[in-house]
Amino acid sequence: MFKKSGDNAPLFAGLAVVFFMIGGLLTTVVPPMVDRSWGKPFENADASKGPVGKLEAYTELELAGRAIYVREGCWYCHTQQTRTLLADTKRSGWRGVDSPVSTPDEFVYDSPHLFGTKRTGPDLSRVGGKYDEQWHRTHFKNPRDLVPGSIMPPYPWIANDEKEFKAMVAYLQKLGRAKHWRPDNDYEK
Amino acid sequence: MAQEKQTVHSAAATSGAAVHEDTTAKWFLISAVVYFLIVGVVAIIIAAKFVWPEMLGTVAMLSYGRLRPLHVNGMLFGWLLAADMGLTYYLVPRLCGVKLWSEKLGVATALLWNVIILGAVVSLLMGWNQGWEYAELPLPLDVLVVVAWIMFGINVFATVATRKYQQMYVSLWYTMGCILWTAFVYLTGNFATLFTTGVNQANLNWMYVHNAVGLIFTPVGLALAYYFIPKAGNIPLYSHKLSMIGFWSLAFFYVWTGAHHMIHGPISQWLQTISIAFSLMLIMPVWSVVYNLFATMKGHWPRTRDNVPLKFLMSGVVFYLLTCFQGPMHSLRSVNAIVSKTDWIPGHAHMAVLGAFSFFAIAGTLYVIPRMFNVKLHSDALANWSYWLFMVGGIGFFVTLWLGGFWQGWQWNNPSIPFIDTVKALKPIWIVRFFSGIFMLGGIVAFLYNVIATVVDSAGAKPEVQGA
């Protein structure tokens, strides 16, 4: 069959598509039908089953901030996933409490998804509520004023635009808050 | 195996019969090498920003987050895919022993492609970014890409349909496979994603990202390697049977591996395991291709000494072997826990796109430009210089980022080290990467100058020919 397809272009094209489609369909269309948690927003009231909480849809302001995050390509350097690695749960943790790992049901309202592939800066999947507005303002103006050695670019055009800045901070404060896992919600001063 | 060693030569020997215009190939190739330089400059700027983060930092359009997608899309679509398409327009008619089905359609495709690239430059600088890796371009441009791809596909398939040689050489299989698979892969990554959210969308996005390399750049790149290695070296291909194993195993295995971009991440464990198993099986298509090409060169390696295209091609095969060994290895959970999301990844990605596939495209360009313009290559010495600049820059880039990536990964896995210290630790790595980039840019300049000078030489030579 393969030998013959070397002489017969339609047979060849048909075979090539069929071969590709087997894996193509089984890995894209089938998984969300098998694993329903991909499409069901997180909700848990039973503390014995893990952190309680509920995933809320984004507000308009948070969506505006998210659009800025996408526009500026923040996701090229900041991942949004606390992986199933001990170090990730410690690094995403807060004041000695480890963060829960990220689960598919926490991202149901995300489009575009912002999981990221490169971690040039720290992961942001649990950054919400860790730093207050003033911290973010200073940090966006010049990250090195707060974090010496940082290589994050300055974003004066966000920090100096009150509307954009408020939206951006609203989005950041939302990140990772569906699960209540922290001892308190104090900001870093 | 004796009777299997054929096709490229039987086809090539008689291909002189059809007179090829190559207008489309010329358009694609020349615009591609120009984008190669422009985007190379962007690459240097973003490499510099790792070392001097304030540089050009207060101009929104020139910030890292805007220039990085310009670099990635520019290199992938402006340079590499355009060069691959140009070379396809060159080799398909020759392998079929007929003229290209329609030069008019081809030139229109080249023009449309340039419109897309210029549109991409404007959109990405403006921040009109859809937020998906490799699929950043806004929807209208995505639609134009689909139109251009259909125009390209029609031309190639119509040429194949009118071919004089019944048996299709392996380069034709890879070209046709690339066109068919890309159609589905591109639609998945740029259109199906619109109707999904969260992990489901990420799964489609990474199916596309992974297969953009695996089922677009790999097959079209291998089509070039299978065509130009026997041609440039003047050696028959070692085995038809191995080509077949390599092709059909690629067609079947590659598409299963997208989820390996989310290992340890918020995606079903069983899907991660499937992607890991199939990532390991990729060794099959890769090693059968690499064995075939090495066996073809057996006894003929001295020919790489003064044959620059062959040198690029065989180095590309070595880089292909290495990058495709890394891929399966860092899909393993234990390795992935160290290298994933680190600077190892750009080291790996650049070896695939620059070291393997761009080397094939550069070799092809250096081989076909003199033949299309009926003149000698402007300077073999300069071509050799560009080879060594790419090689030194490339090795400097790849190796330092691998070391840096492991270093970074080990530090991340020790949570007592503050994150910022893992950033500071990488500074020497980024300095070396910047200077390696300067070498690569030198390679691009030498390559571009050589191509343009060859074309100019041909313009100067024409009146003589006509006068005689």
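What follows is a walk through the two chains of a predicted model, from overall form down to single residues.

Chain B is an all-helix affair on the secondary-structure count, with 16 helices and zero strands. Its radius of gyration is 22 Å, close to the 23 Å that the globule rule gives for 468 residues, so chain B is as compact as a globular protein of that length. Laid along the principal axes, the C-alpha atoms of chain B fill a box of roughly 75 × 45 × 45 Å. Of its 468 residues, 67% count as buried. Among contacts in chain B with a separation of 6 or more, 83% come from residues 24 or more positions apart. On the outside, chain B exposes about 16000 Å², and carbon and sulfur atoms supply 73% of that area. As for charge, chain B carries 24 positive and 15 negative charges, and the mean positions of the two sets sit 6 Å apart.

Chain A mixes its elements, with nine helices and three strands. Read along the sequence, the pattern runs α-α-α-β-β-α-α-α-α-α-α-β, with a strand as the closing element. The radius of gyration of chain A is 21 Å, whereas a compact globule of 189 residues would come out near 16 Å. The C-alpha trace of chain A spans about 70 × 45 × 35 Å along its principal axes. Buried residues account for 58% of the 189 in chain A, and residues 24 or more positions apart supply 70% of the contacts with a separation of 6 or more. The accessible surface of chain A adds up to about 8400 Å², with 60% of it belonging to carbon and sulfur atoms. Chain A holds 26 positive and 23 negative charges, whose mean positions are 4 Å apart.

Now for the interior. The largest nonpolar core has 201 residues, and B:Trp79 and B:Trp113 are the ones with the most contacts inside it. Helix H7 of chain B, residues 198-233, gives this core its largest share, 21 residues. Setting aside residues up to four places away in sequence, B:Trp113 touches B:Phe28, B:Phe77, B:Leu81, B:Ala82, B:Met85, B:Val145 and B:Ala148.

Helix H7 of chain B also holds a threonine, B:Thr218. B:Thr218 counts as buried because its relative accessibility is 2%, below the 20% cut-off. Beyond its neighbours up to four places away in sequence, B:Thr218 touches two tyrosines, B:Tyr254 and B:Tyr320, along with B:Val213, B:Leu250 and B:Phe357. A second threonine, B:Thr365, sits in helix H13 of chain B, residues 344-372. With a relative accessible area of 0%, B:Thr365 is buried too. Leaving out neighbours within four places in sequence, the contacts of B:Thr365 are B:Leu29, B:Val33, B:Leu87, B:Pro370, B:Phe447 and B:Val451.

A charged residue turns up among the buried ones as well. B:Glu103 belongs to helix H4 of chain B, and at 15% relative accessible area B:Glu103 is buried. Not counting residues up to four places away in sequence, B:Glu103 touches B:Glu21, B:Asp22, B:Thr23 and B:Thr24. B:Ser171, by contrast, is 68 residues from B:Glu103 in sequence and 21 Å from it in space, C-alpha to C-alpha.

A few spots in the backbone deserve a look. Most residues other than glycine have a negative phi, and most peptide bonds are trans. In chain A, the peptide bond from A:Ser111 to A:Pro112 is cis, with omega near -5°. A:Pro112 is placed in the loop between helix H5 (86-91) and helix H6 (133-141) of chain A.

Chain B offers two cases of positive phi. B:Tyr134, which is not a glycine, has phi near 70°, and B:Tyr134 lies in the loop between helix H4 (103-126) and helix H5 (139-161) of chain B. B:Tyr134 is buried, with a relative accessible area of 14%. B:His264 likewise has a positive phi, about 70°, without being a glycine. The loop that holds B:His264 runs between helix H8 (240-253) and helix H9 (269-281) of chain B. The relative accessibility of B:His264 is 8%, so B:His264 counts as buried.

Methods:
Residues are numbered from 1 along each chain as its sequence is written. Chains are lettered from A and ligands numbered from 1 in the order in which they are written. This is a predicted model: local features need pLDDT of at least 70, side-chain atom pairs count only at pLDDT 80 or more; totals for chains, interfaces and linings use all residues. Side-chain values use heavy atoms; hydrogens and water are left out. A nonpolar core is a set of buried Ala, Val, Leu, Ile, Met, Phe, Trp, Tyr and Cys residues joined through side-chain atoms within 4.5 Å. Buried means under 20% relative accessible area, exposed over 50%, partly exposed in between (1.4 Å probe, protein chains only). Helices (H or I, at least four residues) and strands (E, at least two) are DSSP runs, numbered from the N terminus. Contact means heavy atoms within 4.5 Å. The radius of gyration is taken over C-alpha atoms; the globule rule is 2.2 Å times the number of residues to the power 0.38. Accessible areas come from the Shrake-Rupley method with a 1.4 Å probe; for residues, only the protein chains shown count as cover. Lys and Arg count as positive and Asp and Glu as negative; His and the chain ends are not counted. The place of a charge is taken as NZ of Lys, CZ of Arg, CG of Asp or CD of Glu.
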